[in-house]
Amino acid sequence: MYSCILDGMETETKVRMRKDGIATREKILDAAQALILERGYAGMTVDLVLERVGITKGAFFHHFKTKDDLARALLGRFADYDAMVYRETRARAEKLSDDPLQQVLIFVRLFEEMFSGLTTPYPGCLFASYIYEMQQFGDDMRNMICDSFAMWRALLKEKFDAVMRKYPPRNPVDTGHLADAFTVVLEGAFITSKAMNEPQVVAEQLRLYRNYIELLFDAPAEIR
């Protein structure tokens, strides 16, 4: 009987330690991401991460062998989260309408809503921070970023292809370029918002992009 109790206590301890370890790892990643967005990758040091999280170097190196390992894990987490947001937002738009053009307009409007309540400028995109200092990273991280941008393009291009079949555009347009324009608007809005200290810029630029799509495909009033 006592052995069963001890086994149970040992299992519970292991589970708690595992959960604590996961929580610490996430805190390290959160702190590193915030520092990179504030200072750039070169300005994010292990010592600053330790200070912000309040842990020892031993605790840090238990989770990440080097700063490069941290950078790779951080980029992977960001890419996974970004892909989830895009796919879930597209799926939500598809549930709200069967019309491809309205789905695209809803997709953009949902992103507008994400950024409409900002009271301070959005801190920015981690991909952009890495790209600015790409010389510090290897091909694996460059490819990870490229794959994420390709995923964004593919998700929207597929929708714009469907829109094009139903609503001929007013002017000739490449659906891949039109999909890329969403990323260009979003990333450019992040920079402008921070530079001008105007939180509303991101939502406003997305609204302009949505208006452009409506005009380009002469969207009927009932689906705008």
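**Close-up views of side-chain pairs in a predicted model**

**View 1. Arg153 and Asp180 form a salt bridge in this predicted model.** Arg153, with a relative accessibility of 41%, counts as partly exposed. Its partner in the salt bridge is Asp180, and the closest N and O atoms of the two residues are 2.9 Å apart. The pair links distant parts of the chain, since Arg153 belongs to helix H7 and Asp180 to helix H8, with the two positions 27 residues apart in sequence. Asp180 is likewise partly exposed, its relative accessible area being 22%.

**View 2. Asp99 and Lys166 form another of the 16 salt bridges that a search of the whole structure finds.** The closest N and O atoms of Asp99 and Lys166 are 2.8 Å apart. Asp99 sits in the loop between H4 and H5, whereas Lys166 is part of helix H7 (residues 139–166), so the salt bridge ties together parts of the chain that are 67 residues apart in sequence. Asp99 has a relative accessibility of 10% and therefore counts as buried, the limit for that class being under 20%.

**View 3. Glu214 and Arg210 are paired within helix H9.** This salt bridge has its closest N and O atoms 3.6 Å apart, which falls within the 4 Å cut-off applied to such pairs. The two residues are 4 residues apart in helix H9 (residues 201–216), and they are therefore separated by about one helical turn. Both Glu214 and Arg210 are buried. Elsewhere, Arg90, Glu94, Glu158 and Lys159 are joined into one network by salt bridges that share partners.

**View 4. Phe78 and Phe127 form an edge-to-face aromatic pair.** The structure holds 21 aromatic pairs, and in the one shown here the ring centres of Phe78 and Phe127 are 4.9 Å apart, with 90 degrees between the planes. Phe78 lies in helix H4 (residues 67–96) and Phe127 in helix H6, so that the pair ties together parts that are 49 residues apart in sequence. Both rings belong to buried residues, Phe78 having a relative accessible area of 10% and Phe127 a relative accessibility of 0%.

**View 5. Phe111 and Phe182 form a further aromatic pair.** With centres 5.2 Å apart and planes at 80 degrees, the rings of Phe111 and Phe182 count as edge-to-face, because the angle is over 60 degrees. Phe111 is found in helix H5 (residues 100–116) and Phe182 in helix H8 (residues 175–196), so this pair ties together parts that are 71 residues apart in sequence. Phe111 is buried, as is Phe182. One aromatic cluster is formed by Phe78, Tyr86, Phe107, Phe111, Phe127, Phe149, Trp152, Phe182 and Tyr209, and the rings of this view and of the preceding one are among its members.

**View 6. Ile131, Tyr132 and Ile191 make a nonpolar surface patch.** The patch has an area of about 320 Å². Ile131 is found in helix H6 (residues 126–132), and this residue is partly exposed, with a relative accessible area of 38%.

**View 7. Confidence varies along the predicted chain.** The mean pLDDT of the protein is 90, and 91% of its residues reach 70 or more. Over residues 2–6, however, the pLDDT is below 50, and this stretch has 0 contacts in the model beyond near neighbours in sequence. Residues 11–17 also stay under 50 in pLDDT, and for them the model has 0 contacts beyond four places in sequence.

Methods: Residues are numbered from 1 along each chain as its sequence is written. Side-chain values use heavy atoms; hydrogens and water are left out. pLDDT is the predictor's confidence in each residue, from 0 to 100. Contact means heavy atoms within 4.5 Å. Patches are made of residues with over 30% relative accessible area and no salt bridge: like charges are joined within 9 Å, nonpolar side chains (Val, Leu, Ile, Met, Phe, Trp, Tyr) within 5 Å. Accessible areas come from the Shrake-Rupley method with a 1.4 Å probe; for residues, only the protein chains shown count as cover. A salt bridge is a side-chain nitrogen of Lys or Arg within 4 Å of a carboxyl oxygen of Asp or Glu. Buried means under 20% relative accessible area, exposed over 50%, partly exposed in between (1.4 Å probe, protein chains only). Rings of Phe, Tyr and Trp (its six-membered ring) pair if their centres lie within 6.5 Å; planes under 30 degrees apart count as stacked, over 60 as edge-to-face and the rest as tilted.
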